[in-house]
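Please find below my notes on this model, set out as numbered points for you to follow alongside the sequence and coordinates.

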Amino acid sequence: MLTISGLGVTYGGLRALTGVSLEVREGEFVTLVGPNGAGKTTLLKAISGTVTAAEGRIAYRGRDLGRMRASERAALGIAHVPEGRRVFATLSVMENLELGSYRRAARAHRAQALETVLELFPLLRARRAQLAGSLSGGEQQMLALGRGLMAQPDLLLLDEPSQGLGPRIVEQIFETIDRIRRERRLTILLVEQRVVEALELCDRGYVLETGRVVLDGGREALLADTRVQRAYLGG
Amino acid sequence: MAARAQGWLAIAGVVAAGVVLTLVVQERYHHRVLTLVFLWAAMGLAWNIISGYAGQISFGHQVFFGIGAYVTVLLVVKTGLTPWIGMGLAVAVAVLAAVLIGLPTFRLGGIYFGLATLAYPLIFRIVMDWLGYQEVAIPMIRERPGWFMQFTEPRSFDLLALGVLAATLVLSRLIETSRLGYRLRAVKENEQAAEAMGVDAFRAKMAAYALSAVPAAVVGAVYIHAILFIVTPDAVFGLLVISQTLVVALVGGIGTLWGPLIGAAVMVPVSEVLDSTVGDRLPGIQGVVYGAALMLIMIGAPDGLYWRVHQLIRSRAARGAAASRPAIVAAGGDAAVASAPAGGVLLEVRDVSKAFIGLQALSDVGFDVHEREILGVIGPNGAGKTTLFNVLNGFLVPDRGEVRLRGERVTGLRPSALCRRGLGRTFQVVRTFPRLSVLENVMVGAFVHARAVGRARAVAVAALAQVGLEDRADDVPGGLTTLELRLMELARCLATSPRLVLLDEPLAGLSSDGVDVMIAMIRRVRGRGVTVVIIEHTMQALLRLADRLIVLDQGRRLAEGAPAEVTRNPAVIEAYLGKRWLARMGKPAC
Amino acid sequence: MVLAELVQYVATGLLVGGVYALMSIGLALIFGVMRVVNFAQGDFMMLGMYLTYFYAMSGIDPLLGAILTIPPFFVLGWLVHRGLLARVTGGGDPQRQMDAQLILTLGLSLVITNATTMILTPTPRGIRTAYATQAFALGPVLLNQARSYAFAMALVLAAAVYVFLTRTDAGRALRAAADDPEAASYQGIDVRAMHGLAFGVGIALVAAAGGLLATYYPIEPSVAGNFIVLMFVAVVLGGLGSIPGAFVGGLVIGLVQSLTLLVLPFQLQNTGVFIVFLLVLYLRPQGLFGRRARTV
C-alpha cells in the first residue's frame, strides 16, 4: 500500500533523512523504532505531507504522492495521529471527533464511526462536552486516536503515542491499538521510542538511526536482536 | 576600511547634489517639492532607526514629529523663544516621550507592540484638542525673520531641510557603524540569539527609539515653519504623516541609509505633481497613490526597492563564486587533550524544578559541572534536556531551585547578563543573523567585552581562525553548509570569551566526517580552558567525547557517571527502551 | 448623578455596543484564523454603509439592506484574500508576516478611503427612516428605535455566526484551522481555503454592521478611521483571536464610550476607550478570554 524509496528530507536546515526505503503492505502493522533525533517523526510528516521530500519517492496505492498537499493526502484516506497529540484545545471532545471525519468519504458514515469510537473509548463519551484542552495527557491521546479513526482511514500513521505518558496509560493505549488492529482491517505504521511494546504489536519493523534505516526484519527477529539497543545507547 | 570611507563619501556626494539642486532649481513651487523631499527623507531615516535597524515596526512615529511641531510653535507663541533654540527643547521633550512610551511598550512582543504604537498619536490628538490647541498659527515676525526661521528666500528653506537631512544621514551612518548598530541588527534578525550573545535587547531598543525621536522632532519643527505654518492635531499626529513616512522608508528600502533617500526622491515628487495637477478634481489622490505603493511593495518587494536591486546584482555575482570550498580538515590533536579535567566546581545546579501547563518539565534536578570537563546530558525524548538548558541560560526562570556560576547566584538573570558572566550557548537549530556576514555574526558575540568596532573585529577574526572559517568571513550564512554553520555558531559563542558553553545538539544533521571535525573542535575548545556541557542524541559520537554523562528522564536526574557505566545502567536502558526490553535481554549486552 | 440618567447612558452604550460587537467579531475571526490584523476592516465597513445607502435609495429598508450586503462582501473579501493577502508571506517568519500584512492592509485602507473620497465625494449622506428619530420608552429610559433595531439585528447576526461556527463542518474547520493549522491539515482541512473563507466572512460581517450603523450614523469616507480603533480595542480587550471575547469587548467598548460622555464632552468620547486600550496592553495583553500572553 505504501512504498517509500530513497527518501531524503531536509528539515529545519538539517539533513533529517537519507536514502530511506521501506514498505507497508495492505493490512500490515509495521513499527518504526529508533532513538530521539533519528528522523521518525520527519518520516511520518513526509508521508502525510507537512514536509516535502528533497529526493526519493513516496507511493500510496501505486500513486506517487509527489507534491500533494497534506489536506489532499488526508482526503485519500491517510490519517496521521501526530506527535504530542495536537488535539484542538479550544474545541470540545465531540467537535474534535466530528472534525476527524471531515474528509468527504468519511462524512457519510459519521454517525456510525462515532458510535464505534465511543464504544472503543468510553471515557470520551463521558467527557464529550468538555474542552479538549482540559483533558489529561492520556485522555488527549485517546481523543487523538479516536479522531484519527473517525476518518475511517485506510492507512493509519501513529506518531509516538506513548510520549509523555505514564506507564499505566501507555499500556492502555497499546492495548487499544492492538484491539483496533484486531477488529478492523487497517494498515498501521507505528513510530515509537518504546521498543518492546511497539515491536510486540507489529508484523514487521524497521530501526532508524540518524536518518537512515539501520535494521529491519520480522517481529521475532528484531525482538531478539541486541543491535537494536546499540542504536539507542551506542556501544 | 575602504568600504567605510566609501559610505561617508557617498553621503557627502548626496549632500553636494542636494546643494546643487537647491541652487539650480528656479520656481518657487519646485523649491517646495525639493524641501519636502529632503524633509521626508529625513523622517524616513528617523523611522528607519527604530523600525529598520532594530526591526520594531512603529506605526506611531508621528508622535515625535508632532511634538517637534507643537513645542517649537507654542514656545514662539507663548514666550517668543526663537525656534532655533525651541527646537532643541522640543527634541528633549521628544526623547523623554520616547523613553516613557518605550519603557512599557518594548516589553510587549509580537503584534502588540505595533498596536500600542498606533494608540499614542491618537491620544496626543485628543490631548491637544482638549488643551485648546486645535489651531496654532505661527505669528509673522517682521524684524529679523531669519532669527525665527521665517525665510523669504525659498532656497533658505531648502538648505535648512538639506541640513536636517545631512545631520540625519550622519546620525544613521554613525549608528550603522557602531557597536549599537551591530547589536540592533542582531536583535532584529534573531532576538533570542542576540540575547544569548550578550545583547541586552531591551536596552538596545530603548537606545534606538530615543535616537530615532531626535530627527523626527526636528523634521516636525522645520516642516511647520517651511510648509504648513499652522499646527493642527490632525496635520501633525494624523495618519497621513505616518503613511508618508512608511511609504518613503518602505518603498525605498528598509534598514539602509539609501532606502529613504530613494523613497523620498521617487514618491514625494510623484505625489506632489499629482496633487497639484489633478488634486482638485480628485481629492485624495495622494492617499490612493501612497496606499497603492505600500500594497505593491509588500507584495512585490517587501524590503524595498534598494534591496531588490541589491539582491539582483548580488545573485549575478554569486553565480561565479559558487566554486566548491575545500572541506575543513580536522586539525591534528584528536587525542591530545584527554587530560584529566579535575578542576573545581564551576556550575552548581540545585533542586531545579520547572512546570508548564499540564507538564512537569523538570523536577529537583541537581548536579555539578567541573572546570574544563566535557559533560554530556542525555535522555529519551521529552526528558527535559532543552528545558534544562533554557533554565541554565536564562531563557526560563525555574519555579524552584538555584543555579550558581563560580559561587555567584545567577538564577533568573537574563541571557545577556549570563553571557557577560561567561556562560555561552549554541542552539539546536542554528540561529544565525541571516543578513549579517559571517564575520559580522561573530562580531556580535565579540561586542560583549569589546567596546570599539575595531577591537571586536579583531576578536571575531581570531575566533573564526580558531574554528577554521577565516576564508568564509565575508560570506552570508545562507551559503554555508550545516557543518560550517555550526562552526560559525561556535565561533560566535567563543568570541564572547566564555568560561562555560552549553552546546545543544551540535552534531545533529552532520555527516560522519562532519562529526569528526566537530568533535575535534569541541576538544580544542576544552583544551583552551572552556568547560563544555553538551546535549546529544548521537550516542556513538558522544561516548567518544564526553568525560561524564548525566541522564535525565521525565524531568528527573536518573543517573550520572562515566559513559561506559551509564550506558550499561539498567535504569537507563529501561528509560530508553522500556522495562520489557530489559526483561527480555536479561543482562544488558556489552 | 441621577440613577435614571446613569441607566440611560448604560442602555445607550449597550445598544451601540451591540453593533460594535458585530464589527469586532469579523476582525477577531480574521485574526484568529489567519493571524492578520486587518487595518482595512473599517474601510470595508464604510463601503457596507454606502452600499446600504444605495439600497435605501432604491427603496430597500436599511435593516434589510444590511443583510443584503453580506453576499457581495463575502465574495469581495474572498477575492481580496486571494489577490492580495495570500501573496504576502513575509518569507516564513511569522512576525515579519504579521508586520507585512498590517502594512498591506494599511495601504489598502488608504486606497479605499481616498478612492471613495474621490469618487463619491466627502459630503456626508444619511438614510432617512421613520424610526431613526423615534424612541421606545422603557420606564424612564428612552431607547432610540433605529439603534434598538440595529442592536437586535446585530444580535441575530452574531447568533447566526455562532451557529455557523459550532454546528457546521465548515465552521468547525475554521476553528480548527485557528487552533492548530498543522493538525487541521491532517484532518483533510485545506487551511489556505479556510483563510479565504475567514476573510470573506469577516468582511461580510463588518459590512453588515456598517449597514446597521447607517440607520443612525452619517455616511462618509472618514467613518472608516473613526471605528477601526474601536474595533482594535474591542478585539484586544476580548483577547486576540477569541470570538466571544470580541463580542463582549464590543459591548464593553460601547459602554465605556457612552459612560465617558458623563464626564467629558463629545469630541473626547474616545478618551476612555484609549485608556482601556493601554491598560489592557500593559496589564493583561491576552485580554479577557485570550490564551496567549505575549510578553518578551
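**Notes on the sheet, the domains and the chain contacts**

1. A convenient place to start is one residue pair in chain B: B:Val501 has B:Val532, in S10(B), as its bridge partner. This pair belongs to a wider pairing, in which strand S9 (residues 500-504) and strand S10 (residues 531-535) of chain B run parallel and are joined by five bridges. Please keep in mind that the model is predicted, and that what follows is to be read as a description of that model.

2. The two strands are part of an open sheet of six strands in chain B, whose order is S8-S9-S10-S5-S11-S12 and whose pairing is mixed. Because strand S8 (423-425) and strand S12 (556-561) of chain B each have a single partner strand, they stand at the edges, and one side of each is left without a neighbour in the sheet. On average, and with direction ignored, neighbouring strands of this sheet are turned by 20 degrees against each other.

3. Helix H15 (residues 385-393) of chain B packs on this sheet, where it touches strand S5 (374-378), S8, S9, S10 and strand S11 (548-553) of chain B. The direction of H15(B) makes about 150 degrees with that of S9(B).

4. As for the domains, chain B is divided into domain 1 (13-237), domain 2 (345-422 + 498-585) and domain 3 (434-495), and domain 2 is therefore written as two segments. The centres of domain 2 and domain 3 of chain B, taken over C-alpha atoms, are separated by 25 Å, and the contact takes 12 residues from domain 2 and nine residues from domain 3.

5. Which helices of chain B each supply at least two residues of the side of domain 2 that touches domain 3? They are helix H16 (415-420) and helix H20 (512-527) of chain B, and H20(B) gives the most to that side, with five residues. By class, the side of domain 2 of chain B that touches domain 3 of chain B divides into nine nonpolar, two polar and one charged.

6. Turning to the contact between chains B and C, 39 residues of chain C are in contact with 35 residues of chain B. On the chain C side, the elements that give two or more residues are helix H5 (94-120), helix H10 (223-238) and H12 of chain C, and H5(C) gives the most, with 18 residues. The residues of the side of chain C that touches chain B divide into 25 nonpolar, 11 polar and three charged.

7. One helix pair across these two chains can be followed in detail: the axes of helix H5 (residues 110-131) of chain B and helix H12 (residues 271-283) of chain C come within 10 Å and cross at roughly 150 degrees. Since angles over 145 degrees count as roughly antiparallel, H5(B) and H12(C) are therefore roughly antiparallel to each other, and their crossing is left-handed. Among the residues that meet are B:Tyr112, B:Ala116 and B:Leu122 in H5(B) and C:Phe274, C:Phe277 and C:Leu281 in H12(C). The residues of this contact divide into 10 nonpolar, one polar and no charged.

8. Chains A and C also touch, in a contact that takes 20 residues from chain A and 15 residues from chain C. Helix H2 (70-75) and helix H3 (93-100) of chain A are the elements that give two or more residues to the side of chain A that touches chain C, and that side has 10 nonpolar, six polar and four charged residues.

Terms used. Residues are numbered from 1 along each chain as its sequence is written. Chains are lettered from A and ligands numbered from 1 in the order in which they are written. This is a predicted model: local features need pLDDT of at least 70, side-chain atom pairs count only at pLDDT 80 or more; totals for chains, interfaces and linings use all residues. Two strands pair if DSSP finds at least two bridges between them. Helices (H or I, at least four residues) and strands (E, at least two) are DSSP runs, numbered from the N terminus. Axes are lines fitted to C-alpha atoms, for helices over the stretch in contact, and angles run from 0 to 180 degrees between N-to-C directions. Two residues are in contact if their C-beta atoms, placed from the backbone, lie within 7 Å. Angles under 35 degrees count as roughly parallel, over 145 as roughly antiparallel, 65 to 115 as roughly perpendicular and the rest as oblique. A crossing is left-handed if the near helix is turned anticlockwise from the far one by less than a right angle, and right-handed if clockwise. Ala, Val, Leu, Ile, Met, Phe, Trp, Tyr, Cys and Pro count as nonpolar, Asp, Glu, Lys and Arg as charged, and the others, Gly among them, as polar.
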